[in-house]
Amino acid sequence: MPPPLVHLSGWGRYPRRPTRVSAPRDIGALASALQGGEPVIARGLGRAYGDSAIAAHTLSMRHFDRMISFDPATGQLVAEAGVSLGAVIDAFLPRGWFPSVTPGTKFVTLGGAIAADVHGKNHHGEGSFAAFTDWFDLMGADGSVSRCSRDENADLFWRTLGGMGLTGIVLRAAIRLRRVETGWIRQRMIPAAGLDAALDAFDAHMDATYSVAWIDCLASGPALGRSLVMLGEHATLADLPPARRARPFLTPRHRGLTFPVDLPGFALNPYSVRAFNALYYAMGRRKAGAGLVDWDSYFYPLDAIGQWNRLYGRRGFMQFQCALPLDQGRPGLRALLGAIAASGAASFLAVLKRFGPQDSPVSFPMPGYTLALDFPVNTRSLGLMPHLDRLTADHGGRFYLAKDSRMSADTLSRTDPRMGDFAAWRRSRGLSAHFVSAQSERLGL
Amino acid sequence: MSSANTTLAPVLIIGARSDMARACALRFAQAGHPLMLAARGGADQGAQGDTGALVRDAADIATRHGVTVTCHAVDATDIDAIPAFLDSLPSLPGIALCAVGYMGDQPDSQRDPQAAARVLRANFEGPALLLGALAERFAARGHGTLIGISSVAGERGRASNYVYGAAKAGFTAFLSGLRNRFNGTEIRVITVLPGFVATRMTEGLDLPARLTAQPQEVAEAVFRAATRGRDVVWVRPVWRVIMAIIRALPEPVFKRTRL
């Protein structure tokens, strides 16, 4: 009996697409699900914002959540694709290990982290998730399994990292964890009065392990790009106050606060966001300097609020995340922030980050800058986004598919010529008939 | 937590492949207990010649929590094999949890005595006699904790599942008797009444969310009972109220209900 038809969305709750979801329990059941004939895509914890993990037949990987082995000599963890970074932290932080690269949520599976080749606050110095992925096993449309690494099936390896699940199904992966002495981060906050000050702060702190800026998108004129640049280092034992040194991995448990209702669509408006931003910046300036922050608050502030996506109301929200090359960064960011401030569209979460070197066939990051914003789904936002798309394209930028929910195929091919090659490669390998997401159909991948 | 803590008692999990058992195993391992996982087929390979399900779970638990995990074959309904199974374990466990269970199909059980017997054996005869045999060995040693996962279905027989309910009622009574017998000794007996749990057994059923526990909740309740000393564990307290009402209904009223 086929699973019932349901409507499914990504984390942004927009768009919603009809799909049948099944959750195979083992490799055999997964292989038979692939033989059903319908195009499939694997889905982990559904944290991609748009329609990346929805297909005619969506395969939930939630039962592939076993860890397989860990080598303390190298920090290499082998685990099934449905294991989340949160589970990795729960198991390994008490023993002094932490994920080498983590996005802004710990509710991401290894399979999802590979498919999106996620990046974190250390991309400028250490690269994306790919840099710490030793190998993975990929199931093809015929149910056969290939080991992919830098040496073995390297082509498949590099196209799967960032390939949005369109190359097959990641079954298990070997990733390297980093050694840490404590569960704490030594944070330093630098207020930046405008865009140039923020970008200068990034450049001046390329040696910081972690760096990211919260940016006030509604500030305009000389305050355009007003930011709080946050640097971070894993705290050593010596960094902790003596009282904490006996149990360095013990950090406050964040209560599972869950956002209870859909806010009405008007709750987040330019006025409320402007007030919040002004307050947040003022508080940040006051707190400027160094302090200790626990890992959960530092890396995953939003995870503390379950279902924070309901903040934007029933209609959902869209993410806009672009990368701009280094030489176009300043003018590009100025143009984008100018357009956003002029539109008055309120982006509650706005993040700016310096990217380091990356040269992958499909991954998102490029040396330069990335700007991430979110907007409620409404006519003003939908009108603004194509304008932002054009400005990004004019400055040689491209878009993050894990965040995308509404880009046109034309915009993608204009901004990311690599994707034409990727689509052709998929056709030549017979993958385009079997691994198809709502996003890949929309974008002509 | 990093190295296997040898001072903690090994925990035997019987019926270890169920979702509830796996959650319990993970919870005990998180606290540092070494584990013995026992299930049908033991460490056998999977159907595709891949890693068997029990070995896969054992590796998962050992990797996550750095404890020793061993795999053992047991068929709870093969009562003649019970002594050999217990002899095959690396040591007599300090805590033994039985999560063996089989819902069966009530109409099948009504038509076919063999089907009904399978349900009775898997939910009553097997689990009771396994824990009974362990109780004798614990008694000889002088201490141990027995944990039986029974069911609220055993609190009163209902038309929709009375074969399963009768078996669970038997198991609950057996545990209660063991507990009574060992009162005042170092042997403890815990009865767990989970209510609805979101597991493979209930997958596809339309269960009310407020009455349905996740396997992790069951595991947390079991672990707390084992460490703090409780006799009967209702995983979601609301079930205690519901079953108190159902038990209190006079038979002339109850027999007319469709629950």
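These legends accompany close-up and overall views of a predicted model.

**Figure 1. Chain A as a whole.** Chain A has 13 helices and 20 strands. Its C-alpha atoms occupy a box of roughly 60 × 55 × 45 Å along the principal axes. The radius of gyration is 21 Å, which agrees with the value near 22 Å for a compact globule of 445 residues. Of those 445 residues, 60% are buried. Long-range contacts are also counted here. Of the contacts between residues at least 6 apart in sequence, 74% link residues at least 24 apart.

**Figure 2. Strand E10 of chain A and its cover.** E10(A) spans residues 169-179. The strand is mostly covered, with eight of its 11 residues buried. Three strands of chain A are shown pairing with E10(A) in the next views: E6, E7 and E8. In a regular strand, side chains alternate between the two faces of the sheet.

**Figure 3. E6 against E10 in chain A.** Strand E6 covers residues 76-80 of chain A. E6(A) and E10(A) run antiparallel and are joined by five bridges. One position to pick out is Gln76(A), which stands opposite Arg176(A) of E10(A).

**Figure 4. E7 against E10 in chain A.** Strand E7 consists of residues 97-99 of chain A. Its pairing with E10(A) is antiparallel and runs over three bridges. Pro99(A) has Leu177(A) as its bridge partner in E10(A).

**Figure 5. E8 against E10 in chain A.** Strand E8 takes in residues 133-139 of chain A. Six bridges hold the E8(A) and E10(A) pairing, again in the antiparallel sense. Here Trp135(A) stands opposite Ala174(A) of E10(A).

**Figure 6. Strand E13 of chain A with E11.** E13(A) spans residues 227-234. Seven of its eight residues are buried, so the strand is mostly covered. Strand E11, residues 184-192 of chain A, joins E13(A) through eight bridges. The two strands run antiparallel. Pro191(A) finds its bridge partner in Leu228(A) of E13(A).

**Figure 7. Strand E13 of chain A with E12.** Strand E12 is made of residues 210-215 of chain A. Six bridges join E12(A) to E13(A), and the pair is antiparallel. Ala213(A) has Val229(A) as its bridge partner in E13(A).

**Figure 8. Surface and charge of chain A.** The accessible surface of chain A comes to about 17300 Å². Carbon and sulfur atoms make up 56% of that area. Chain A carries 49 positive and 37 negative charges. The mean positions of these two sets are 7 Å apart.

**Figure 9. Chain B as a whole.** Chain B contains nine helices and nine strands. Its radius of gyration is 18 Å, close to the 18 Å from the globule rule for 259 residues, so chain B is as compact as a globular protein of that length. The C-alpha atoms fill a box of roughly 60 × 50 × 40 Å along the principal axes. Of the 259 residues, 49% count as buried. Among contacts with a separation of 6 or more, 71% involve residues 24 or more positions apart.

**Figure 10. Surface and charge of chain B.** Chain B exposes an accessible surface of about 12100 Å². Carbon and sulfur atoms account for 53% of this surface. The chain has 28 positive and 22 negative side chains. The centres of the two sets lie 8 Å apart.

Technical notes:
Residues numbered from 1 in each chain as written. Chains lettered and ligands numbered in written order. Predicted model: local features only at pLDDT ≥ 70, side-chain atom pairs only at ≥ 80, totals over all residues. Heavy atoms only, no water. Buried < 20%, exposed > 50% of the residue type's maximum accessible area, 1.4 Å probe, protein only. Helix = DSSP H or I, 4+ residues; strand = E, 2+ residues; numbered from the N terminus. Pairing = 2+ DSSP bridges. Rg over C-alpha atoms; globule rule 2.2 N^0.38 Å. Contact = heavy atoms within 4.5 Å. Areas by Shrake-Rupley, 256 points an atom, 1.4 Å probe, with all protein chains shown as cover. Lys, Arg positive; Asp, Glu negative; His and termini not counted. Charge placed at Lys NZ, Arg CZ, Asp CG, Glu CD.
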